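Below is a short report on pockets and nonpolar cores. The pockets come first, then the packing.

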Amino acid sequence: MRGVFLPGGRQVDIREVADPRAGRGQVVLSMRASTICGSDLRAIYREHLGSGPEAYQGVVGGHEPSGVVETIGPGVNRIRPGDRVLVYHISGCGQCDECRRGYQISCGSPQRAAYGWQRDGGHADKMLVEERDLLVLPDPLEFLDGACVACGFGTAYEALCRTEVSGRDRVLVTGLGPVGVAVGMLAKAMGATSVCGTDPSPERRNLALQMGAVDVALEGGEDELKDTLGDG
């Protein structure tokens, strides 16, 4: 099969690699969508820093994948062939307190590995995934929706859950890139009375307004914010 590798220096390398095989607790996906995250562009595609949790290990890129379950390994109970799924982008040890609470991103075990960083990701024809890292896509969502949810929308939703946004709140979003727009859309769905977004890019401000992610879009100067939001 084909796999996409990111050697740094704004280079993309498409190679032939062996098809993955599912082991115990694992699933092989036939890929349908695999989007590109800003962290991929910054730390792998451009700089290729190779340090800490962003240590790219020369694997198939892509940590925002979505696809169809092709085969399952022994011990897989929840997922079935033919399921439409998205992949959570961090695979932890599954045993520590953080993993058991659902925060695999905070796993401190040496086994922790991010798809597309320390283990093969979604920029390929097929992908090997741990069953625990999969979420089944609801019927109304398409594969591209799933890929966007896998990292960007999931990150935005977690932030809003932690701040307990509700109908009591007005929300200010600073930065209207993909995650900022997701914050605005989700905040409205969670009942926020209004959403104001700021971004220096007029294109991003206009897109956020067209998508209904924000009620007001500003360039973001202090005086402009005070005039719009008040001093409260």
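In this predicted model, α1 (38-46) and α3 each give at least two residues to the lining of the largest pocket. The largest share comes from α3, with nine residues. In total, 30 residues line this pocket. Nearest its centre lie Tyr 88, His 89, Ala 150, Gly 154 and Thr 155.

The second largest pocket has a volume of about 360 Å³. Its centre is approached most closely by Glu 64, Cys 148, Gly 152, Pro 178 and Val 179. Here α1, α3 and α4 each contribute two or more lining residues.

The table sets out both pockets.

| Pocket | Volume | Lining residues | Lining by class |
|---|---|---|---|
| Largest pocket | about 730 Å³ | 30 residues | 15 nonpolar, seven polar, eight charged |
| Second largest pocket | about 360 Å³ | 17 residues | 12 nonpolar, four polar, one charged |

Now the packing. The largest nonpolar core holds 17 residues. Val 171, Ala 187 and Val 195 have the most contacts inside it. At least two core residues come from each of α3 (143-163), β10 (170-174) and α4 (178-189). Five residues, the largest share, belong to α4.

Another core lies apart from this one and has 13 residues, including Ile 44, Val 60, Ile 90 and Ala 114.

Which residues does Val 195 contact, leaving aside neighbours within four places in sequence? They are Val 171, Val 173, Gly 184, Ala 187, Lys 188, Ala 213, Val 214, Asp 215 and Val 216.

Notes:
Residues are numbered from 1 along each chain as its sequence is written. This is a predicted model: local features need pLDDT of at least 70, side-chain atom pairs count only at pLDDT 80 or more; totals for chains, interfaces and linings use all residues. Side-chain values use heavy atoms; hydrogens and water are left out. A nonpolar core is a set of buried Ala, Val, Leu, Ile, Met, Phe, Trp, Tyr and Cys residues joined through side-chain atoms within 4.5 Å. Buried means under 20% relative accessible area, exposed over 50%, partly exposed in between (1.4 Å probe, protein chains only). Helices (H or I, at least four residues) and strands (E, at least two) are DSSP runs, numbered from the N terminus. Contact means heavy atoms within 4.5 Å. On a 1 Å grid over the protein atoms alone, a cavity is a set of points where a 1.4 Å probe fits but cannot get out, and a pocket is an open set with protein on both sides within 12 Å along at least five of seven lines; lining residues have an atom within 4 Å of a point. Grid points are joined across faces, edges and corners, and a volume is the space filled by probe spheres set on the points. Ala, Val, Leu, Ile, Met, Phe, Trp, Tyr, Cys and Pro count as nonpolar, Asp, Glu, Lys and Arg as charged, and the others, Gly among them, as polar.
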